[in-house]
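Please look over the sequence and the model shown here. The paragraphs after it lead through the structure one topic at a time.

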Amino acid sequence: MIHLTDAASDPLTIDRATCESLDAADPLAPFRDRFALPEGVVYLDGNSLGALPKHTRAHLDRVVAEEWGVGLIRSWNDAGWFAKPQAVGDRIARLIGAGPGEVVLGDSTSASLFQVATAAARLRPERRVIVAERGSFPTDLYVLESVQETVGGAQPLERRLIDDAGPTLDDVLDEDVAVVVLTHVDYRTGRMHDLAEVTRKVQATGAIMVWDLCHSVGAVPVDLASAGADFAVGCTYKYLNGGPGSPSFMWAAPRHHEQARPALTGWHGHARPFDFTVEYEPTPGIGRFRVGTPQLLSMAALEASLDIWDEVDLDAVREKSLRLTELFISLVDRRLAAWQVEVVTPRRSAVRGSQVALRHEDGYAVMQALIERGVIGDFRAPDLMRFGFTPLYVSHADVWDAVDVLEDVLASEVWREPRFARRGAVT
Ligand SMILES: *Cc1c(COP(=O)(O)O)cnc(C)c1O
């Protein structure tokens with residue numbers, strides 16, 4: 001692992017020229033040219049919506065014109081449409097340490113979590129508790145409420161929430177716990193769980209472990225197989241650059257495939273969908289997590305972005321990701337100390353994902369002023385400015401420039417202008 005200090009540069013003396021030389025030596029630098037980023041923008045929100053790969057438009061054009069326009073209904077067979085959710089899933093498998101036939105694409109992450117967490121809870125019918133994190137992305141908690149009712153019936157399953165301030169996982173784990181659902185990398189702070197260690201601990205009590213990989217896939221190494229994990233879900237429009245609304249994925253360990261009973265049993269998960277029988281019969285394998293007609297155009301955009309991922313060395317992604325976040329943190333420490341900006345992301349690289357969150361009382365307005373100046377991050381209530389570092393298209397010089405602009409916004413107090421306080425529907 002190359003750290004900043006190994007790059008012949010003391011973090012205290014690093015300047016833009018040092019960043020440029022780090023870029024010149026960066027094995028992932030050529031990937032930047034594969035993305036259509038707007039001129040003058042430093043894009044630090046690829047953890048929310050990944051950038052557009054240049055060849056996605058041509059690929060979509062071809063799918064629309066040829067597969068839809070000319071192939072019409074024949075494309076279900078001729079263009080492999082029916083098999084797509086698993087074929088594309090196989091290409092995601094490598095990114096999460098899974099094998100072929102273990103990953104399938106679904107609807108939104110929320111819907112996929114419902115499928116998977118229900119199946120997980122039904123594997124432990126004698127247990128009545130679901131454990132989740134209070135600080136998790138709220139949709140995960142909302143979906144789990146549906147799982148509690150769907151699985152529990154007249155007596156919904158109980159929910160226990162863990163928290164950094166306690167109770168901890170150790171406090172709540174006992175023989176009543178059916179399922180633990182955790183997000184591997186926290187969406188706000190970027191804190192990363194030890195996937196293998198937590199999985200082991202949960203399984204030791206007889207519970208089933210479900211991982212949400214939304215902020216992990218394409219950002220940090222994930223090895224579900226060697227961790228012996230049970231189930232996972234994740235989204236593809238963040239680090240994977242699949243485009244707005246690209247489908248989520250579901251993974252189940254092969255040992256669970258035959259007993260798994262997901263919440264929604266639709267015709268695309270049927271063993272023989274074109275027999276049009278009255279009774280549902282699940283198809284063998286991961287395909288039973290499918291529901292209905294897949295979003296083929298969204299999936300086509302995702303396929304184009306996976307063409308890039310097929311070429312990417314994931315160890316190089318992690319190395320660069322840590323260099324970028326470390327650089328950002330050290331520049332923030334050095335240059336922004338005067339303005340009460342607090343780094344809430346772990347400084348220890350082993351527990352850090354690929355994003356950095358800064359706490360500032362007026363974080364919302366500061367972020368809007370930053371965005372107006374071309375540095376795009378986002379804001380998470382109540383006071384966090386979030387910056388995502390996507391190693392395929394963010395450079396070390398981008399990090400330098402972003403901190404430069406942030407320092408200017410804070411020093412000039414331009415963020416105090418009333419227009420920066422107005423909130424849109426999406427922050
Ligand atoms: C982004 C994200 C989601 C998104 O859910 P959708 O249903 O795809 O909108 C869910 N969970 C986590 C942890 C996320 O980071």
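What follows begins with the ligand and then turns to cysteines, helices and backbone geometry.

The model is predicted: local features need pLDDT of at least 70, side-chain atom pairs count only at pLDDT 80 or more, and totals for chains, interfaces and linings use all residues. Residues are numbered from 1 along each chain as its sequence is written, and side-chain values use heavy atoms, with hydrogens and water left out.

The shell around the ligand consists of Ser108, Thr109, Ser110, Phe137, Thr139, Asp140, Thr183, Asp212, Cys214, His215, Tyr237 and Lys238. A residue is near a molecule if one of its heavy atoms lies within 4 Å of it. Sorted by class, this shell has 3 nonpolar, 6 polar and 3 charged residues. Here Ala, Val, Leu, Ile, Met, Phe, Trp, Tyr, Cys and Pro count as nonpolar, Asp, Glu, Lys and Arg as charged, and the others, Gly among them, as polar.

Polar side-chain atoms of three of these residues lie beside oxygen atoms of the ligand: the distance is 2.5 Å for Ser110, 3.0 Å for Tyr237 and 3.1 Å for Thr109. A polar contact is a pair of N or O atoms within 3.5 Å; within protein, one must be able to donate a hydrogen and the other to accept it, and residues adjacent in sequence count only if both atoms are side-chain atoms. Taken alone the ligand exposes 390 Å², and the protein buries 87% of that. These areas come from the Shrake-Rupley method with a 1.4 Å probe; for residues, only the protein chains shown count as cover. Helix H5 (109-122) and helix H6 (138-152) are the elements that give two or more residues to the shell. Helices (H or I, at least four residues) and strands (E, at least two) are DSSP runs, numbered from the N terminus.

Cys214, part of the ligand shell, leads to the cysteines. How many disulfides does the structure hold? It holds 0, a disulfide being a pair of cysteine sulfur atoms within 2.5 Å. For Cys214, the nearest cysteine sulfur is that of Cys235, 3.4 Å away. Cys214 is buried because its relative accessible area is 7%; buried means under 20%, exposed over 50%, and partly exposed in between (1.4 Å probe, protein chains only). Cys19, at 0% relative accessibility, is buried too.

Helix H5 also holds Gln115. With a relative accessibility of 2%, Gln115 counts as buried. A polar atom of its side chain lies 3.1 Å from the backbone nitrogen of Ala263.

Further along the chain is helix H10 (residues 296-309), whose 14 residues should span 20 Å at 1.5 Å a residue; its end C-alpha atoms are 19 Å apart, which agrees. The expected span is 1.5 Å times one less than the number of residues. H10 is mostly covered, with 11 of its 14 residues buried, including Leu296, Met299, Leu302 and Trp309.

The last topic is the backbone. Most residues other than glycine have a negative phi, and most peptide bonds are trans. Gly166 and Pro167 are joined by a cis peptide bond, with omega about -5°; Pro167 is in the loop between strand E4 (158-162) and helix H7 (169-172). Another cis peptide bond joins Ala381 and Pro382, with omega about 5°.

Leu72 is not a glycine, but its phi is positive, about 50°. With a relative accessible area of 47%, Leu72 is partly exposed.
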